[in-house]
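User: I'd like a close look at one part of this protein: a charged pair that joins two stretches of the chain. Please start there, then show me what surrounds it.

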Amino acid sequence: MRYVAAYLLAALSGKDSPNAADIKKILDSVGIEADDTRLDKVVSELSGKSVEDVIAQGYGKLASVPSGGAVAVAASAGGSGAGAAAPAAAAEEKKEEKKEESEESDDDMGFGLFD
């Protein structure tokens with residue numbers, strides 16, 4: 001992750017295609033020793049690609065990952081679909097809360113520890 005972050009910093013500084021020396025310079029400035037194999041892997045994977053295109057592809061992949069953040073990404077991207085997504089998420093949260101309450105009531109088995 002630190003190599004990708006350094007690559008992005010180098011790209012933000014105005015370099016269209018940062019090389020290993022640029023990334024190594026950034027990592028050295030914050031006291032991180034660069035691993036050449038990982039560094040070469042990042043540079044080879046990202047060489048010739050636009051940073052904006054890579055980020056756009058990443059957003060597309062994140063939208064398909066089933067997680068709590070995917071609803072927010074889909075809602076923000078959808079615009080009009082945000083109204084429909086919010087009640088569905090709220091209903092799902094209520095179901096989980098009810099399920100947790102029923103599990104907690106079964107845990108005490110009719111008596112308390114300090115009764």
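Analyst: Start with K24. K24 is partly exposed, because its relative accessible area is 31%, and partly exposed means a value between 20% and 50%. Keep in mind that this is a predicted model.

Now look for the partner. The side chain of K24 meets the side chain of D36 in a salt bridge, with 3.0 Å from N to O. K24 belongs to helix α2, which covers residues 20-29, and D36 belongs to helix α3, so the pair ties together parts that are twelve residues apart in sequence. The general idea is simple. Side chains of opposite charge can pair when their charged atoms come close.

Check the backbone too. The C-alpha atoms of K24 and D36 are separated by 9.0 Å. The side chains supply the contact itself, at 3.0 Å from N to O.

What about the D36 end? D36 sits in helix α3, and α3 runs over residues 36-46. The relative accessible area of D36 is 40%, so D36 counts as partly exposed. K24, at 31%, is partly exposed as well. Neither partner falls under the 20% cut-off for buried.

How many salt bridges are there in total? The count is four. Among them are two that you can set beside the K24 and D36 pair. Take D35 and R38. Their side chains meet at 3.8 Å, N to O. D35 is partly exposed, because its relative accessible area is 34%. R38 is at 54%, so R38 counts as exposed. The cut-off for exposed is over 50%.

Next, take D22 and K15. These side chains form a salt bridge at 3.7 Å, N to O. D22 has 17% relative accessibility, so D22 counts as buried. K15 is at 39%, so K15 is partly exposed. This bridge therefore pairs a buried residue with a partly exposed one.

Now step back from the charged pairs. The protein chain has six helices and zero strands. Read from the N terminus, the order of elements is α-α-α-α-α-α. The chain has 115 residues, and 15% of them count as buried. D22 is one that counts as buried.

Two further contacts bring separate stretches of the chain into view. L9 lies in helix α1. L9 is partly exposed, with a relative accessible area of 49%. L9 and I23 are 14 residues apart along the chain, and their C-alpha atoms are separated by 8.5 Å. The second contact involves a loop. S50 lies in the loop between α3 and α4. S50 is partly exposed, at 28% relative accessible area. S50 and S17 are 33 residues apart in sequence, yet 8.2 Å apart in space, C-alpha to C-alpha.

Helix α3 carries D36, and α3 also helps to form a pocket. The largest pocket has a volume of about 270 Å³. The pocket is lined by 14 residues, and the closest to its centre are L46, V51, V54, I55 and G58. How is such a space found? Rolling a probe the size of a water molecule over the atoms shows where empty space is left.

Which helices build this lining? α1, α3 and α4 each supply at least two residues. The largest share, eight residues, comes from α4. By class, the lining has nine nonpolar, two polar and three charged residues.

Helix α4 turns up again on the surface. V4, L8, I55, Y59, L62 and V65 make a nonpolar patch of about 510 Å². Two elements give two or more residues to this patch: α1 (2-12) and α4 (51-63). The largest share, three residues, comes from α4. L62, for one, is placed in helix α4. I55 appears in both places: I55 helps to make the patch, and I55 is among the residues closest to the pocket centre.

Come back to the pair you asked about. K24 and D36 meet at 3.0 Å, N to O. K24 is in α2 and D36 is in α3, so this salt bridge ties two helices together. Beyond the bridge, α3 supplies at least two residues to the lining of the largest pocket, as do α1 and α4.

Key. Residues numbered from 1 in each chain as written. Predicted model: local features only at pLDDT ≥ 70, side-chain atom pairs only at ≥ 80, totals over all residues. Heavy atoms only, no water. Patch = residues over 30% accessible without salt bridge, like charges linked within 9 Å, V, L, I, M, F, W, Y side chains within 5 Å. Areas by Shrake-Rupley, 256 points an atom, 1.4 Å probe, with all protein chains shown as cover. Helix = DSSP H or I, 4+ residues; strand = E, 2+ residues; numbered from the N terminus. 1 Å grid on protein atoms, 1.4 Å probe; cavity = no way out; pocket = protein on both sides within 12 Å on 5 of 7 lines; lining within 4 Å. Points joined across faces, edges and corners; volume = space filled by probe spheres on them. Nonpolar A, V, L, I, M, F, W, Y, C, P; charged D, E, K, R; others polar. Buried < 20%, exposed > 50% of the residue type's maximum accessible area, 1.4 Å probe, protein only.
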